[in-house]
Amino acid sequence: MLAVIGCMNLRQNLGILDRKGTFKVEYLLKIEAEVQAKWEREKIHEVDAPPEPRTSPDEKFFTSFPFPYMNGRLHLGHTFTLSKCEFAVRYHRLKGKKVLFPFAFHCTGMPIKACADKLQREMEQYGYPPRFPATLDDAPPEVNENVERDKSKGKKSKAVAKAGSSKYQWEIMQNLGLSDEEIKKFASTDYWVEYFPPLAVKDLRRFGIHVDWRRTFLTTDVNPFFDKFVSWQFLLLKSRSKVMYGKRYTIFSPRDNQPCMDHDRSTGEGVGPQEYTLIKMRLLEPYPEKLCLVGGSAGTCGEGKPVFLVAATLRAETMYGQTSCWVHPDLQYVAFNTAAGEVFVCSSRAARNMAYQGFSSLEGVVDVVAELRGQDIIGVALQSPLTSYDKIYVLPMLTVKGDKGTGVVSCVPSDSPDDYAALVDLKKKAAMRQKYGVEDHMVLPYEPIPVLEIPGIGKLCAVFLYEKLKIQSQNDKEKLQEAKDLVYLKGFYDGVMLTGEFVGKKVSEVKKLIQKQLIDSNQAVIYYEPEKQIISRSGDECVVALTNQWYLTYGEEKWKTLTLTALENINTYHEEVKNNFKVTLDWLHEHACSRTYGLGTKLPWDEKWLIESLSDSTIYMAFYTVAHLLMEGTFCGEKPNKLGIKAEQMTPEVWDYIFFRDAKFPAHTAIKKETLNLLKREFEYWYPVDVRCSGKDLVQNHLTYYIYNHCAVWPDEPGKWPREIRANGHLLLNSAKMSKSEGNYLTLADAVDKFSADGMRLCLADSGDSVEDANFVESTADAGILRLYTFIEWVKEILNTRKSLRTGPADKFHDKVFLSEMNLKIQETEESYNKMLFKEALKTGFYEMQAARDKYRELSLVTGMHVELIDRFLEVQALLLSPICPHVAEYVWQLIDKSGSIVHARWPVAGPVDLLLLSSSVYLMDAAHSFRIQLKNHLQQRKGGGEVAKPSHADVWVAKTYPRWQCIVLSALQQLYEKHGALPDNKVISSELAVMPELKKYMKRVMPFVQATREKLEEIGLAALNLTLDYNEFNVLAENLIYLENTLDVENIDLKYASEGPEKISEECRPGRPLISFSVRPSVKLTLVNPQPQNGLFTYTLNVGTGDNVAKIAARLARENRIIAESSCFELWRYEDPLLGPRRFPVFGSPTAGAVQIEKDAVFHADVGENYVSVSTNGVKHPVGSTVLYIAKC
C-alpha cells in the first residue's frame, strides 16, 4: 500500500495526471485522422519551384532539421526540435511565401553496424533466443571528481539514455516491443534501414508535419543518388585542399581499430583530445627493488636504460617551482619500454594511451617490464627539469587519481593550492611520514619557490589563498577548488614570470615557448588523452591515437576567416549560441572524416575508407532541393524517376552544373539540358536554407561543420550560406531528464496516442523557446487538450445560436475594445512567430485571444455579442492557432464554412489598435476587480454579532485629479526625472520634498506615495507621473454601469465625483483608483410570472424599490435569464385586481387577460412597512400588489 501511495505522489510531483477518461483525446484523434486524410488527398504539402526565378530572398522559406538516426523510434526530444521548423513553416506559408520543409533519415556511421554485430555476437554466445546470465557486474566506472564537468553536456549520452537499464542489445530491442523472431532479423544492417524509416514517416504523418515527402531519402551507399552526391562533395573538398592525409591526434577505439567520432560514442559525446606536456623526471640511484631489473639482469640495477617518472601537466611554465613528485600509495603503476630506448613509469591507463601515440615500438602494445604500486616508489630521488633543486623526492598524495593524467604529479606548492595543502599536511604530520616511509630530509627542507606573480594575489599564490581561505588540509575540496579556479585563470592571463630566461614576461606569451624548450632538450614530450572518458558504441574505452587518416582541415586560417564572416551574418536568435560558435571556431582544429567500420559512402579516391556521419551531413540540404526529381518519393531511389535519370549518370560535372550558377553544361552526359536546368532551377530557387533548427549540443560539431562546408563549397556565393540557425535546449519530461530506465520517456507515437497530435503540439510550443532546457509537462498537455476540445464545442454552440447574436452597428464600448484587442493580438502573435518565440505566440495568439473573447462575452451579457465580431474572432483565432494546432484550426475553418484548406489561407490583416481604448478597458476590469474585493470585505464585516446585509446599491467615487499635495509631489518628480534622466534615490527625493511647506502636513504619507509612484513608473513608464489620465474614467464607468451592476450583483450604482463626497473620500480617491461604498435600499419583493406557453421563461422574485422603472427591472431580470437582453423587448403587466388576479387561471390564447400593461416611464413605489408595491403613471398611482406578469417579445 505504501509503495502505491509513493508511486502516486511521484506521479503528482512530476505533473502526471491520472485521467478519468480519454474521450476528448479520442475526439481530437478522430478529427486529426480526417484532416490528415484530406491533406494527403490534396497533396497539400507538396511544392515545386515556380518557373520564374525569385525576385526577392523573402518570397520563399526553406527550413531543415538534422536528419534523425534510424536505430529506433523518434522520441519527444526529436519532436521538440523539429516542432520549431514545423511551426515556422506553417506560419510563413500563411504569410504568402512558398515554403519547403523536407525530411530525411540518417543511417551513416557505426551505431547500426555496432548494434547489428552485437546481436550477432549475442546469438553466437548465448544461442537463439539468447539466454543471458542472471547477473552482471554493474559497477560504474570511476569518476574523477577533480575534473570539471562541462555543464552543457548531460550525464548520459543519447545512446545510454535510449538504452535505459538494459545490458544487452537483445533486451534493448525487446523494450521496443519486438518479438524474438523480429529481433533476429536486425542482425543484418539492411533490416535496420528497412524497418525504422517507414515507422518514422508514419509517426511524423500522425504528428501532422508539413513535409514534402517526395523529397525524403536515406543516407549511405544503399541510396546510390545520395552516395553520388556525397562523393561529389568530397572530391570537390579535396580539390580545394580541404581534405588532407597524415598523422593526426584523434579519439580512437582500439577494439574497432578506427577513429571514434561523436556519433560513434555511447558516452563522451563532444569530448576531444587534451594536450599535455609530459615532464620526464629521471630516477636517481639507488633504484627501488621492483625497478632493479629494468634494462639488465639481476645485480645490474638500471643498466642501459634511463628510467623516468612521467608527469602530465597543463602548466609547463610552473615547473621552475617543483619541490617533489606526487604518487598515490595504493595506485597501480607500470614501467614500460619506449621506442626511444627509455623506460617510463606511469599508470597503465596512461601507458595504453601512449602506446597509440608512437611511444611504443609496436602500435597499441605496451611493453611492460615491471608492475608496481605507488608505495614501491615513494622516497625515490628524482632529477627533474627546470627546478632549482638538484634532487627532489617521490612523496605520497592521497588525492591523486588514476583516471586523469599519468598518476604521477609534479609538485609546485607555490602555484598549486592542492600541492601546497598536501605538502603542509606531510610536513605537519610525522605519523603520516612514518606510515609511508618518508624521511624528514625528503620533505622538510623544501619550501615553495616563487615562479609567477599575479596582481592582487602575489608571488606565492597558492600560499596566499591557502591562508586567506583558511584551508585546513588536502581534503578541503571546495575551498581548494575555489583557490584553483582563481589561480589558474588569473595565472594564465595576468601572471608574470619571476624566474628563468623569460623573467618579466606574461605567462600567456611564453607558455608555448617554455614547452618547446623542454621538448627540444628532450626533457619533455607531447602527450594526449581524452578530456573525459569516452566509450565507443562497441563498448570500448577510447584513447587518443596518432594515426594516419583523412581529415578535414577545419581551423585552417583562410577557411576559418571565411566561416567567421558567414557566422557574423547568421541570425542565431540567442547571443549565447553565437558565442558558443565563436568558442568552437577558436578551438576546432582538423577533424577525422573517415573510418573503416560502419555504414556510409566510400571515400571516392581511397575506397577502403568510409566517410563518417558528421562529414556526410553538412550540405545535404542542397540534395533536398532536387531529391523529389531523382528519388520519386522512395527512400533509396529504387523506383525509376520520371526524368529518366540514373544514379550512375550523376557525375561530378553534373552536380557542378546543378549547384554552381556559372558552371558549364557537362560535355559528356546523356541527360538533357532542359532536364538538368529543371534541377538547377529547383536549387537556385530554394537555396540558401533560411532556418536550420537543432539542439544546442550540435553547435560544437555538426552546426559548425555545416557553416564551414557551405563556405568551402560556395566560397564566392555568400547568398548560398546559411541565413539563420535556431538552437534550443534539451527537453525535460515533467521537469526530469527523459530516461527509459526511470520510466520517464515518451516516443512520438506514444505521445500522439496519449495527448493527440495537437494536444502534444500545444504543449511543445508551451515548453519553452530559450537555449535553456525546456520542460514538457503532462498536466499542461492535458489542460491543452481540454482547451482545444472546449474551443471546438464553443464554436459549434455559437454557430448553432448565431441568429441570436446582435446585429446593426458594432459601436458599443466593449465592441470597440474587442476589435482592438483582436487587432493587437494579431500584431503581437505575428511578431512572436517572426522571432520563433512560439511559447509567446501561443500565449498571445490563443490564450489571450480566448481571454479577450471571454471578457467580451462577460461584458455583453445584457446587450449580447455582435455577430460580425464573433465571425471575425472565429476566423482570426483559427488562423493564429493553425501553425501550432493545424488540425483543430482546419476543423474550425470547415465549421465556419470557409472555402478550401486553412493551409492555403493568408495571415489576417490587423486593423487599427486603439491603445487608449485598451487602456480604459484595462482600467474598467481592474476597477471591477477592486470593487469585488471591497464587496467581499464589506460582507465579511460583523455588526453587533450579526451578518451584514447584502447591499443593493453602491456609490462609485471618481477623482478628476490627484489631491493637491499629491499633485505637488508628482510635479516635483517630473522635474527630477527631467533633470537626472531617471528618478534619483529616495534620499535625494526626500530632501527635495522636505523643504516644501505645502507638504509639511503630509510628510508621513509623501514617501510611501513616492515609492508607489516609482513602482508604477517601472511598470507603465512616464505616464505614471501624469496628473490626469489619458481617458475619461467617469465616462468609461458610466458606459459600463450595467456590467458593474451585474458583476457586483447590486440593483443600482450611482457615479459621483470624489470632490462631492466626504473629506476622506476626496483624500483617498485618485485618478485611476476609484472608490466604492455600499448600501442597502429599502425594497419589497415582487414576483414576476411569465404566462407565455412553451418557452424557457420562468417565475422570478426580484427586489423592487421606490424610483425603479420597467427598464431597471428588465435589466435586473436579464441577470437571471439571458433571453431578456433588451428592455425594448420586455413588457410588465399589473393585474386589474392585485389580490385575486394572480389566483385566476390564465385565459388560453390571451395570457394578459385581466391585466394592464405598465408604461415604460411608470415609476414604482415600495411600501416596506406594508410590504406592498404600487406604480404611478402621469401622476396617477395604481396598486400592484406582490405579483406582476412579464412578456418577452424578442
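**Notebook: residues looked up in the model**

**Cys 1069**

I began with Cys 1069, which sits in the loop between helix H35 (1063–1068) and strand E32 (1075–1079). The model is a predicted one. I asked whether Cys 1069 is buried or exposed. Its relative accessible area is 1%, so Cys 1069 is buried, the limit being under 20%. I then listed what Cys 1069 is in contact with, leaving aside neighbours within four places in sequence. The list reads Trp 957, Val 958, Ala 959, Pro 963, Ala 1058, Pro 1074 and Leu 1075. I also took one C-alpha distance here: Ser 1059, ten residues from Cys 1069 along the chain, is separated from Cys 1069 by 9.2 Å.

**The whole protein**

I stepped back to the overall figures. The protein has 1194 residues, and 54% of them are buried. I counted 36 helices and 40 strands. The C-alpha trace spans about 140 × 85 × 65 Å along its principal axes. For the accessible surface I noted about 53000 Å², with 52% of that belonging to carbon and sulfur atoms.

I looked at how far apart in sequence the contacting residues are. Of the contacts between residues at least 6 apart, 75% join residues at least 24 apart.

For charge, I have 147 positive and 153 negative side chains. The centres of these two sets lie 2 Å apart.

**His 106**

Next I looked up His 106, in the loop between strand E2 (98–100) and helix H4 (111–126). With a relative accessible area of 3%, His 106 is buried. Which side chain does His 106 join in a polar contact of 3.1 Å? It is the side chain of Asp 616. Setting aside neighbours within four places in sequence, I found His 106 in contact with Phe 67, Pro 68, Tyr 69 and Met 70, with Thr 219, and with Ser 613, Asp 616 and Ser 617.

**Aromatic pairs**

Phe 67 from that contact list led me to the aromatic rings. My search of the whole structure gave 76 aromatic pairs. I wrote down Phe 67 and Tyr 620: the ring centres are 3.7 Å apart and the planes are at 10°, so this pair is stacked. The pair links distant parts of the chain, 553 residues apart. Phe 67 is in the loop between strand E1 (60–64) and helix H3 (76–94), while Tyr 620 is in helix H18 (residues 620–631). I checked the accessibility of both partners. Phe 67 has a relative accessible area of 7% and is buried. Tyr 620 is buried as well, at 0%.

I took Tyr 195 and Phe 196 as another pair. Their ring centres are 5.0 Å apart and their planes are at 85°, so the pair is edge-to-face. Here the two residues fall into separate classes: Tyr 195 is partly exposed at 22%, whereas Phe 196 is buried at 2%.

**Glu 682**

I placed Glu 682 in helix H20 (residues 673–686). I asked whether this acidic side chain belongs to a buried or an exposed residue. Glu 682 is buried, with a relative accessible area of 2%. A polar atom of its side chain lies 3.0 Å from the backbone nitrogen of Ala 49. Beyond neighbours within four places in sequence, Glu 682 is in contact with Asp 48, Ala 49, Arg 215, Thr 625, His 628 and Leu 629.

**Trp 559**

I found Trp 559 in helix H16 (residues 557–568). At a relative accessible area of 1%, Trp 559 is buried. Its contacts, leaving aside neighbours within four places in sequence, include Lys 242, Leu 552, Thr 553 and Tyr 554. Tyr 708, Asn 709, Cys 711 and Ala 712 are also in contact with Trp 559. I checked the spacing to Asn 709: Trp 559 and Asn 709 are 150 residues apart in sequence and 9.4 Å apart in space, C-alpha to C-alpha.

**Gln 974**

My last entry is Gln 974, in helix H30 (residues 964–980). Its relative accessibility is 26%, so Gln 974 counts as partly exposed, between the limits of 20% and 50%. Not counting residues up to four places away in sequence, Gln 974 touches Leu 1025 and Asn 1026. How far is Gln 974 from Asn 522, C-alpha to C-alpha? I got 75 Å in space, with the two positions 452 residues apart in sequence numbering.

How values were computed:
Residues are numbered from 1 along each chain as its sequence is written. This is a predicted model: local features need pLDDT of at least 70, side-chain atom pairs count only at pLDDT 80 or more; totals for chains, interfaces and linings use all residues. Side-chain values use heavy atoms; hydrogens and water are left out. Helices (H or I, at least four residues) and strands (E, at least two) are DSSP runs, numbered from the N terminus. Buried means under 20% relative accessible area, exposed over 50%, partly exposed in between (1.4 Å probe, protein chains only). Contact means heavy atoms within 4.5 Å. Accessible areas come from the Shrake-Rupley method with a 1.4 Å probe; for residues, only the protein chains shown count as cover. Lys and Arg count as positive and Asp and Glu as negative; His and the chain ends are not counted. The place of a charge is taken as NZ of Lys, CZ of Arg, CG of Asp or CD of Glu. A polar contact is a pair of N or O atoms within 3.5 Å; within protein, one must be able to donate a hydrogen and the other to accept it, and residues adjacent in sequence count only if both atoms are side-chain atoms. Rings of Phe, Tyr and Trp (its six-membered ring) pair if their centres lie within 6.5 Å; planes under 30 degrees apart count as stacked, over 60 as edge-to-face and the rest as tilted.
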